[in-house]
Amino acid sequence: MQMNWLVLCGRIAAVMLLTAMAAQLAEAGGHHATEKRYFLRGRNKSWHSGWYNPAAGRPVPLVVPPTSEFVSEYSWGVPSSRVMPLYQQFRKPYPGAGYAPGSRPFMPTPDQPSDTVQFGIHAIRGPWGSY
Amino acid sequence: MQIHSRVMAGVVCLAIFCLVELPAADANPINGGVEAPTPDVFSNYYYPAIPAGAYPGVGAQLYVSPRPVPARVGHTWITYPPFMPHEYLYQHRRRYIRCSGAMGMRNDTRAYWW
């Protein structure tokens with residue numbers, strides 16, 4: 001009888017564990033530890049490079065799904081491609097002025113670009129829903 | 001002895017339940033984005049400007065409107081947040097819960113994107 005109770009309790013615990021894991025997988029806000037790590041590492045990093053898009057006159061943000069983790073960038077020469085973590089994400093609170101002192105002037109896309117960052121289009125992850 | 005073992009089994013189950021379920025409910029009050037707070041329809045999504053340092057940069061906003069304006073002038077807002085285009089970028093679901101009425105009734109709206 002005691003053995004049966006132990007087996008039953010074990011099964012209940014296993015079902016609880018599986019349910020909790022499934023709930024964690026189905027949530028919309030991403031994995032908590034990953035989200036926190038991406039937020040902390042992307043805090044003081046700008047979303048653009050030193051080039052601007054000539055058609056827009058400024059760097060253009062490219063909105064990608066918030067589930068994105070990396071961006072691929074390509075160039076001539078060696079290395080011809082690189083995979084970079086994508087920390088930047090749009091958020092809700094109004095951050096203040098759009099320009100901060102100390103920003104460097106941008107360069108236009110060269111006539112013969114040698115790297116995809118020179119096109120001035122950079123990915124920012126979309127927000128997680130309404131916050 | 002029989003009752004004691006049952007009580008012990010119940011305590012073990014309760015402890016496992018507390019370890020598995022309660023921290024998730026306490027650590028994230030918005031339930032991983034499924035139960036979202038009432039959306040602020042008067043604000044936009046931004047990426048802040050970074051001041052001088054290792055990675056200086058300008059800010060960016062997700063939509064062209066709404067923009068921050070003084071409270072006494074005309075303004076724009078988002079009429080229905082579930083239809084915002086960034087919600088269609090990934091598969092998820094959400095519950096919008098808000099109080100409706102003075103008698104404690106509440107409006108529970110479920111949205112699915114897939």
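**Figure 1. The second largest pocket of this predicted model holds about 420 Å³ of space.** Of its 21 lining residues, A:G98, A:Y99, B:G59, B:A60 and B:Q61 come closest to the centre. A pocket here is found on a 1 Å grid over the protein atoms alone, as an open set of points where a 1.4 Å probe fits, with protein on both sides within 12 Å along at least five of seven lines; lining residues have an atom within 4 Å of a point. Points are joined across faces, edges and corners, and the volume is the space filled by probe spheres set on them. In chain B, β2 (46-47) and β3 (60-61) each contribute at least two residues to this lining. Strands are DSSP runs of E with at least two residues, helices are runs of H or I with at least four, and both are numbered from the N terminus. By type, the lining divides into 15 nonpolar, four polar and two charged residues. For this split, Ala, Val, Leu, Ile, Met, Phe, Trp, Tyr, Cys and Pro are nonpolar, Asp, Glu, Lys and Arg are charged, and the others, including Gly, are polar.

A note for reading every panel: residues are numbered from 1 along each chain as its sequence is written, with chains lettered from A and ligands numbered from 1 in the order in which they are written. Local features need pLDDT of at least 70 and side-chain atom pairs count only at pLDDT 80 or more, while totals for chains, interfaces and linings use all residues; side-chain values use heavy atoms, leaving out hydrogens and water.

**Figure 2. The largest pocket encloses about 770 Å³ of space.** Its lining has 31 residues, and A:W47, A:H48, A:S49, A:E73 and A:H122 sit nearest the centre. Three strands of chain A, β3 (70-74), β4 (81-85) and β6 (121-125), each supply at least two lining residues. The make-up of this lining is 17 nonpolar, 10 polar and four charged residues.

**Figure 3. The largest nonpolar core draws on both chains, with A:W47 and B:Y47 among its 12 residues.** Chain A brings A:W47, A:F90 and A:I124, and chain B brings B:V41, B:Y45, B:Y47, B:V58, B:A60, B:L62, B:Y63, B:I78 and B:M84. Such a core is a set of buried Ala, Val, Leu, Ile, Met, Phe, Trp, Tyr and Cys residues joined through side-chain atoms within 4.5 Å. Buried means under 20% relative accessible area, exposed over 50%, and partly exposed in between (1.4 Å probe, protein chains only). Follow B:Y47 in this view: leaving out residues up to four places away in sequence, B:Y47 touches A:G42, A:K45, A:S46, A:W47, A:Q88, A:Q89, A:F90, A:I124, B:G59 and B:A60. Contact means heavy atoms within 4.5 Å.

**Figure 4. Salt bridges of chain B include the pair B:R94 and B:E87.** Over all chains there are six salt bridges, each a side-chain nitrogen of Lys or Arg within 4 Å of a carboxyl oxygen of Asp or Glu. The N to O distance between B:R94 and B:E87 is 3.0 Å. Both partners are buried: B:R94 has 2% relative accessibility, and B:E87 has a relative accessible area of 2%. In another pair, B:R110 and B:D108, the closest N and O atoms are 4.0 Å apart. B:D108 is partly exposed at 29%.

**Figure 5. In chain A, shared salt-bridge partners join A:E73, A:R82 and A:D115 into one network.** The side chains of A:D115 and A:R82 meet at 3.0 Å, N to O. This pair links distant parts of the chain, 33 residues apart: A:D115 is in the loop between β5 (107-108) and β6, and A:R82 is in strand β4. A:D115 counts as buried at 13% relative accessibility, whereas A:R82, at 26%, is partly exposed.

**Figure 6. A:V117 lies in the loop between β5 and β6 of chain A.** With 13% relative accessibility, A:V117 is buried. Setting aside neighbours within four places in sequence, A:V117 contacts A:S49, A:W51, A:E73, A:R82 and A:H122. The C-alpha atoms of A:V117 and A:H48 are 8.5 Å apart, although 69 residues separate the two along the chain.

**Figure 7. Cis peptide bonds lead into A:P79 and B:P66.** The bond from A:V78 to A:P79 has omega near 0°, and A:P79 belongs to the loop between β3 and β4 of chain A. For the bond joining B:S65 and B:P66, omega is about 0°. B:P66 is in the loop between β3 and β4 (92-99) of chain B, a chain whose elements run α-β-β-β-β-β from the N terminus.
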